[in-house]
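This report walks through one model, from its surface to its interior. Please keep the sequence and the structure in view while reading.

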Amino acid sequence: MFPFQQIDLSKLSYAAVLDIVAPTLPGGLIALGWLWRHGDLFSALHDERALKFLIAGFVIYVTGIVANYLTTMELVAFTTIFLIKKMKVPDSPWVNTEWRNLAAKFLGPDLSPPLEDVQPPQVQQPEHISAFEKLSLTIQENFRRSGAAIKFRSNWETWYEILRAYFPASRTPQQGFADFYFATFNSIGWACLIAAYLAPRHGHWSIWMAGLLTIVASHFSFTVNMEQQHNPDPSGIKLAAEMMKALKSQDQ
């Protein structure tokens, strides 16, 4: 036999308690919408009322778990698709000349790529060639010069990713906890829409509006929070500060 152990509720964290209680919110809203349509059920409760309330509470909780799971999957899918489309930031840190100068000083001459995008010298074309050969040489020259510019940006982008891994940006635990809040709000918004649909005459327009606003706000907040977790230092300022600290410690 297993020994009986006393449960220490003081060891439960705030996040764990919220995670346990959260399914009751969307499940309760859906149940309210259903009871609004079937209000005559209260008058039919005669015998074994406590058992029926217990079964109803279990059904509400399971419904809330299912609603939380489905709406969280929808929220994560939307955020992932949105962030993939804007994965490449136009103003990348390595485009800044001052940032490249600092990174080049930290990397040293043996590792640092060229500081500026120096175009290769233009090849002189022969004088007596046909128009087709001249066009072919011009296309090759344009490809060579554009390839050099792409290689310059690619080298600095690669070193930027290496330096990000060398100086990882700290992520606050509040950001991960905020994901739970926004996912719960999203499930509450969808539960409002379901409750309004189940209600007589599909509920009041204010219920639909409240649900839609909650869904939009949770999607926006969740996406912003996930983007900050994925790239907490988009401008490269924190990374530059870490490189400066390392250079200062080397000089001392």
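## Helix 3 and its surface

Leu-54 is found in helix 3, and at 59% relative accessibility this residue counts as exposed, because the cut-off for that class is over 50%. The model is a predicted one, and every value below is computed from it. Leu-54 is also one of the residues that make a nonpolar surface patch of about 1,000 Å²; the other members are Leu-51, Ile-55, Phe-58, Val-59, Val-62, Val-66, Tyr-69, Leu-70 and Met-73.

Helix 3 spans residues 49-85 and also holds Phe-78 and Phe-82, which lie 4 residues apart, about one turn of the helix. What kind of aromatic pair do Phe-78 and Phe-82 form? A search of the whole structure finds 7 aromatic pairs, and the one formed by Phe-78 and Phe-82 is stacked, with 6.3 Å centre to centre and 15° between the planes. The pair counts as stacked because planes under 30 degrees apart are assigned to that class. Phe-78 counts as partly exposed at 38% relative accessibility, and Phe-82 likewise counts as partly exposed at 38%.

## Overall architecture

The chain contains 8 helices and 0 strands, so that, read from the N terminus on, its elements run α-α-α-α-α-α-α-α. Of its 252 residues, 27% count as buried, while the chain exposes about 18,100 Å², of which carbon and sulfur atoms supply 67%. Among contacts between residues at least 6 apart in sequence, 80% join residues at least 24 apart.

## Salt bridges

Side chains of opposite charge can pair when their charged atoms come close. The structure holds 2 salt bridges, which are set out below.

| Salt bridge | N to O distance | Helix | Separation in sequence |
|---|---|---|---|
| Glu-161 and Arg-164 | 3.6 Å | helix 5 (residues 131-166) | 3 residues |
| Lys-245 and Glu-242 | 3.8 Å | helix 8 (residues 237-251) | 3 residues |

Because Lys-245 and Glu-242 are 3 residues apart in helix 8, about one helical turn separates them, and the separation of Glu-161 and Arg-164 within helix 5 is also about one turn. In the helix 5 bridge, Glu-161 counts as partly exposed at 39% relative accessibility, as does Arg-164 at 27%. In the helix 8 bridge, Lys-245 is exposed, with a relative accessible area of 55%, whereas Glu-242 counts as partly exposed at 32%.

## Nonpolar cores

In soluble globular proteins, nonpolar side chains tend to be buried together. The largest nonpolar core here has 18 residues, and those with the most contacts inside it are Trp-99, Phe-106, Trp-156, Leu-163, Leu-239 and Met-243. The elements that give two or more residues to this core are helix 4 (97-107), helix 5 and helix 8, and helix 4 gives the most, with 6 residues.

Two of the residues named for this core, Trp-99 and Trp-156, also form one aromatic cluster together with Tyr-160. Which residues does Phe-106 touch, not counting those up to four places away in sequence? Phe-106 touches Leu-163, Tyr-166, Phe-167, Met-243, Ala-246 and Leu-247, and among these Leu-163 and Met-243 are themselves named with the most contacts inside the core. A second, separate core of 5 residues includes Leu-75, Ala-178, Phe-182 and Phe-222.

Conventions: Residues numbered from 1 in each chain as written. Predicted model: local features only at pLDDT ≥ 70, side-chain atom pairs only at ≥ 80, totals over all residues. Heavy atoms only, no water. Phe/Tyr/Trp six-rings, centres within 6.5 Å; stacked < 30°, edge-to-face > 60°. Buried < 20%, exposed > 50% of the residue type's maximum accessible area, 1.4 Å probe, protein only. Patch = residues over 30% accessible without salt bridge, like charges linked within 9 Å, V, L, I, M, F, W, Y side chains within 5 Å. Areas by Shrake-Rupley, 256 points an atom, 1.4 Å probe, with all protein chains shown as cover. Salt bridge = Lys/Arg side-chain N within 4 Å of Asp/Glu carboxyl O. Core = buried A, V, L, I, M, F, W, Y, C linked by side-chain atoms within 4.5 Å. Contact = heavy atoms within 4.5 Å.
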